[in-house]
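Please open the model in your viewer and keep the selection tool at hand. We will go stop by stop, with a note on what to select and what you will find there.

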Amino acid sequence: MDSTAADLFDTSRFEAGRGRLASLAYRLLGSATDAEDAVQDAFLHWQAADRQRIKVPEAWLTKVVTNLCLDRLRSAQARRERTAGAWLPEPLLDGDPMLGPADTFEQRESVSLALLTLMERLSPVERAVYVLREAFAYGHAEVAEILDITESTSQQHLHRARRRITAARSGGTEVDPASARRIVEEFLAAATSGRTERLVALLTDDATAVSDGAGGLATTLMRYDTPHRIAAVVRVGFKPTDAKRRLAGGTPAIHYALVNGAPAILFVVGDQVVGSTMFDIIHGKIATMHGIAAPTRLARLTEAWRQHEPDAPLIAQW
């Protein structure tokens, strides 16, 4: 095989695994944009490597991508962004290949906005161990090889990660799709009619809500952590006004959708998603809400929406 043919063959081997690598990077970084950058950096490493000496390309590339992501998580810039109070995961529309693999409950939960946010409480290595084990089913020996740690250290990191996540999360099982949609429709009806009591009844006692503000313009995230406070903010936020329509660039339609595997409502003007609210439902009630309106955070979701065939809107003109 001549050098050109070998390069083409090696490129095709990389491209065959690009989707899996991007899914891994997204879980580690919580950002599709950063995940794509990390995978592209891995491709440059792949091109520069002596590929004939790489016995198992999948394992080698997994290690490279994981460590590139860890470098990003440890960087001074990332620490500033994530500790400044303005970081949120980048939401992805259901069907986005970055959300895979999605065969098990653990794999699907690992891309929920609630869990991606909780993983910010983990150290970079704990996060990597958790993702490699829970979402990609690597054994501790494999994780140890990827991260250059011992198997016992991998087990300790996983134990700590699970304990921290469990302590911050009430748990529960997957919600029936029909039930999830019904709860969201009830929420929207209560929010747009101003029925505060009904909103409170739909929330868990320890419900939380996080938002990047109208138009995504807040410099720090707005957080609310009592059902009555959340209901009051929702009642005001979901009341349409001319000022909100001007900020949105028109009169939105409100659609039901699945985002990161969870129920969501999207505010859509034309073919542009201008706002989104995602719900984490546990035991039949809303446990967390994430409101995202920053165009940079919604860019990939909007591109996917334009290729999407939506159902009729829940509200045609908000």
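Start by selecting Asp 34, Asp 37, Ala 38, Asp 41, Ala 42, His 45 and Trp 46 in H2, then add Pro 57, Trp 60, Leu 61, Val 64, Val 65, Leu 68, Cys 69 and Arg 72 in H3, which they meet; contact means heavy atoms within 4.5 Å. Helices (H or I, at least four residues) and strands (E, at least two) are DSSP runs, numbered from the N terminus. This is a predicted model, in which local features need pLDDT of at least 70 and side-chain atom pairs count only at pLDDT 80 or more, while totals for chains, interfaces and linings use all residues. Residues are numbered from 1 along each chain as its sequence is written, and side-chain values use heavy atoms, with hydrogens and water left out.

Now colour your selection by class. The contact of H2 with H3 divides into 10 nonpolar, 1 polar and 4 charged residues (Ala, Val, Leu, Ile, Met, Phe, Trp, Tyr, Cys and Pro count as nonpolar, Asp, Glu, Lys and Arg as charged, and the others, Gly among them, as polar).

Switch to a cartoon view of the pair. Helix H2 (residues 32-48) packs against helix H3 (residues 57-74) at an angle of about 130°, and their axes are 9 Å apart. Axes here are lines fitted to C-alpha atoms, for helices over the stretch in contact, and angles run from 0 to 180 degrees between N-to-C directions. H2 and H3 are therefore oblique to each other; angles under 35 degrees count as roughly parallel, over 145 as roughly antiparallel, 65 to 115 as roughly perpendicular and the rest as oblique.

Next, show helix H8 (residues 140-147) and helix H9 (residues 151-168), which pack at an angle of about 100° with axes 8 Å apart. That makes H8 roughly perpendicular to H9. Select His 140, Ala 141, Val 143 and Ala 144 in H8, and you will see them meet Glu 151, Ser 154, Gln 155 and Leu 158 in H9. By class, this contact of H8 with H9 has 4 nonpolar, 3 polar and 1 charged residues.

Which residues does Leu 147 touch? Leaving aside residues up to four places away in sequence, Leu 147 touches Thr 66, Leu 70, Val 125, Ala 128, Val 129 and Leu 132. Zoom out to the largest nonpolar core, of 63 residues, where Phe 14, Tyr 26, Tyr 130, Leu 147 and Leu 266 touch the most other members. Such a core is a set of buried Ala, Val, Leu, Ile, Met, Phe, Trp, Tyr and Cys residues joined through side-chain atoms within 4.5 Å. Buried means under 20% relative accessible area, exposed over 50%, partly exposed in between (1.4 Å probe, protein chains only). Helix H1 (residues 3-29) gives the most to this largest core, with 8 residues. Apart from the largest core lies another, of 27 residues, among them Ala 190, Ala 209, Ile 254 and Met 289.

Move on to Tyr 256 in strand S3 (residues 253-259). Is Tyr 256 buried or exposed? Tyr 256 counts as buried, at 15% relative accessibility. Its contacts, not counting residues up to four places away in sequence, include Pro 177, Val 184 and Leu 314.

Finish in the loops:

- Pro 101, between helix H4 (76-83) and helix H5 (105-109): the peptide bond from Gly 100 is cis, with omega near -5°.
- Ala 137, between helix H7 (124-134) and H8: phi is near 55°, a positive value in a residue other than glycine, and Ala 137 is exposed, with a relative accessible area of 61%.
- His 283, between strand S5 (272-282) and strand S6 (285-292): phi is near 55°, and His 283 counts as exposed at 68% relative accessibility.
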